[in-house]
Amino acid sequence: PPERVRRYLADKGNRVSFSFEDVEPEEHAVAFTVAKAASVEVLGAIREEVQKALDEGRTLDQFKADLEPRLRALGWWGKQRMVDPETGEERLVTLGSPRRLRTIYRSNMRAARGAGQWERVQRTKDTLPFLLYLLGPSREHRVEHEAQAGTVRAADDPWWRYWLPPNGWGCKCHVRQISQREAERRGIEPPVEPAVREVRNQRTGQTRLVPRGVDPAWAGNPGLDRQANAQRFLAGVLHNADPALARTAIADVVRSTHMRRLAAAEPDRTASAGLAGAPVAVLDDALLEALGAANRTVVFSGDSAGKQRRQHPDIEPDDYLIVQRALDEGMVLGEANKLLADVQIDGDWWRAVIKRTANGQELYLVSLHRTNARRVQRTRRNGSVRVVRGAPGGS
């Protein structure tokens, strides 16, 4: 398979679980798990055979022929009594079976290919900017999936966050990437939030909104979920990194192709379906304490990119290097859960607005824009703000 497909599975960690409800869809993007594979040995054996089947293009029959003897030797086959670690209840459950092996094989193959295709879409959407939803070869289709057949939407439409196939157990739906001309000929659907229903996880008691027609366990986009998890991981790494190294890494990210694509997000469409965010600055200890945040990494999110582009279309990708300079060299004002960082560079005034989430775990760049000395002084005299740090020289 393409390297991006192989890597999606190879880079996952292992996650032992009792029920499929123990692992949320977002976790599946970074963790390999099989319900009731309660030992590392069993989970490892299954994963090895799934990876081999993906890498070598092995059929379902070949996969079952190789894996079944290994699982039988480990005692993971047929019906057995197991204790649910969540409830302490002993239950008669089905472990390995031909049907389960078929489900394991098909679900992992389709998820890996879906994630790989999403990665390819993000690289090539400048020339093929739309996706066409198509039904698979199943004899029968879910009514809701049939209703989506032939749907054409932009690759950056947030709709694909929820509806990128596969969208359920056994779902064979897929998408085809198409050109602007073909999309216009078929008819382009405008961006819209999908109809959702509330689903309660019986094991955790938590509820979540799931699109109607999508199985709860498949309510996500594996490629996009992987990007989001990578973003959170990078934010954590930068939080603990040496300050000089963190600033160097951020400068590299801001100069990257990904940041250029993020900065160019369409103003009338949120980029969250197609673009992961990017770190653009880190707070020093003094600013971290002043804002009451738990993480020092400031992220420019996909959701904010379209708004920034609409409100400040003059901002160029390299201008986002100014965010770190404003925090390090400028005058920083505090306002509730925000920081306003003003800095003068080559005679021009700039303002970066940083917002903290309610739980303090995440920081986002809300806006970067040009300003002037009069506005800076007027803001400073505002009684609702406090000076967190004065600019060098008392300016």
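In which sense do strand β11 and strand β15 pair, and over how many bridges? Good morning. I shall answer that question after one word of caution: the structure shown above is a predicted model. Strand β11, residues 297–300, and strand β15, residues 363–371, pair in the parallel sense over 2 bridges. Within this part of the model, Val299 stands opposite Tyr364 in β15. As general background, the strands of a sheet pair through backbone hydrogen bonds, in either a parallel or an antiparallel manner.

Let us now widen the view to the sheet. It is an open sheet formed by 7 strands, in the order β10-β11-β15-β14-β13-β12-β16, and its pairing is mixed. At the edges stand β10, residues 278–282, and β16, residues 386–389; each has a single partner strand, so one side of each is left without a neighbour in the sheet. From one strand to the next, the twist averages 35 degrees.

Two helices deserve attention here. Helix α14, residues 322–329, lies across β10, β12, β13, β14, β15 and β16, and runs at about 95 degrees to β13. Helix α15, residues 373–381, also packs on the sheet and touches β12, β13, β14, β15 and β16. The direction of α15 makes about 40 degrees with that of β14.

I turn next to two loop residues with a positive phi. Ala336 is found in the loop between β12 (331–335) and β13 (338–345). Its phi is near 50 degrees, a positive value in a residue other than glycine. Ala336 counts as exposed, because its relative accessibility is 67%. Asp346 lies in the loop between β13 and β14, the latter covering residues 348–356. Asp346 is not a glycine either, yet it has a positive phi of about 50 degrees. With a relative accessible area of 77%, Asp346 is exposed.

A further backbone feature concerns two prolines. Pro165 and Pro166 are joined by a cis peptide bond, with omega about 0 degrees. Pro166 has its place in the loop between α7 (160–163) and β7 (174–178).

Now consider helix α3, residues 40–56. At 1.5 Å a residue, its 17 residues should span 24 Å, and the end C-alpha atoms are indeed 24 Å apart, so the two values agree. Among the buried residues of α3 are Val42, Leu43, Ile46, Val50 and Leu54. Arg47 and Glu49 are also buried in this helix. After α3 comes Gly57, whose phi is positive, near 65 degrees.

Why do Cys171 and Cys173 not form a disulfide? A disulfide is a covalent bond between the sulfur atoms of two cysteines. The cut-off used here is a sulfur pair within 2.5 Å. The sulfur of Cys171 has its closest cysteine sulfur in Cys173, at 3.7 Å, and therefore the two are too far apart for a bond. Both residues are buried, Cys171 at 3% relative accessibility and Cys173 at 9%. A search of the whole structure finds 0 disulfides.

Finally, some totals for the protein. There are 15 helices and 16 strands. Of the 395 residues, 48% count as buried. Among contacts with a separation of 6 or more, 63% are between residues 24 or more positions apart. The accessible surface comes to about 19300 Å², and carbon and sulfur atoms account for 48% of that surface. Thank you for your attention.

Definitions and conventions: Residues are numbered from 1 along each chain as its sequence is written. This is a predicted model: local features need pLDDT of at least 70, side-chain atom pairs count only at pLDDT 80 or more; totals for chains, interfaces and linings use all residues. Side-chain values use heavy atoms; hydrogens and water are left out. Buried means under 20% relative accessible area, exposed over 50%, partly exposed in between (1.4 Å probe, protein chains only). Helices (H or I, at least four residues) and strands (E, at least two) are DSSP runs, numbered from the N terminus. The expected span of a helix is 1.5 Å times one less than its number of residues. Two strands pair if DSSP finds at least two bridges between them. Axes are lines fitted to C-alpha atoms, for helices over the stretch in contact, and angles run from 0 to 180 degrees between N-to-C directions. Contact means heavy atoms within 4.5 Å. Accessible areas come from the Shrake-Rupley method with a 1.4 Å probe; for residues, only the protein chains shown count as cover.
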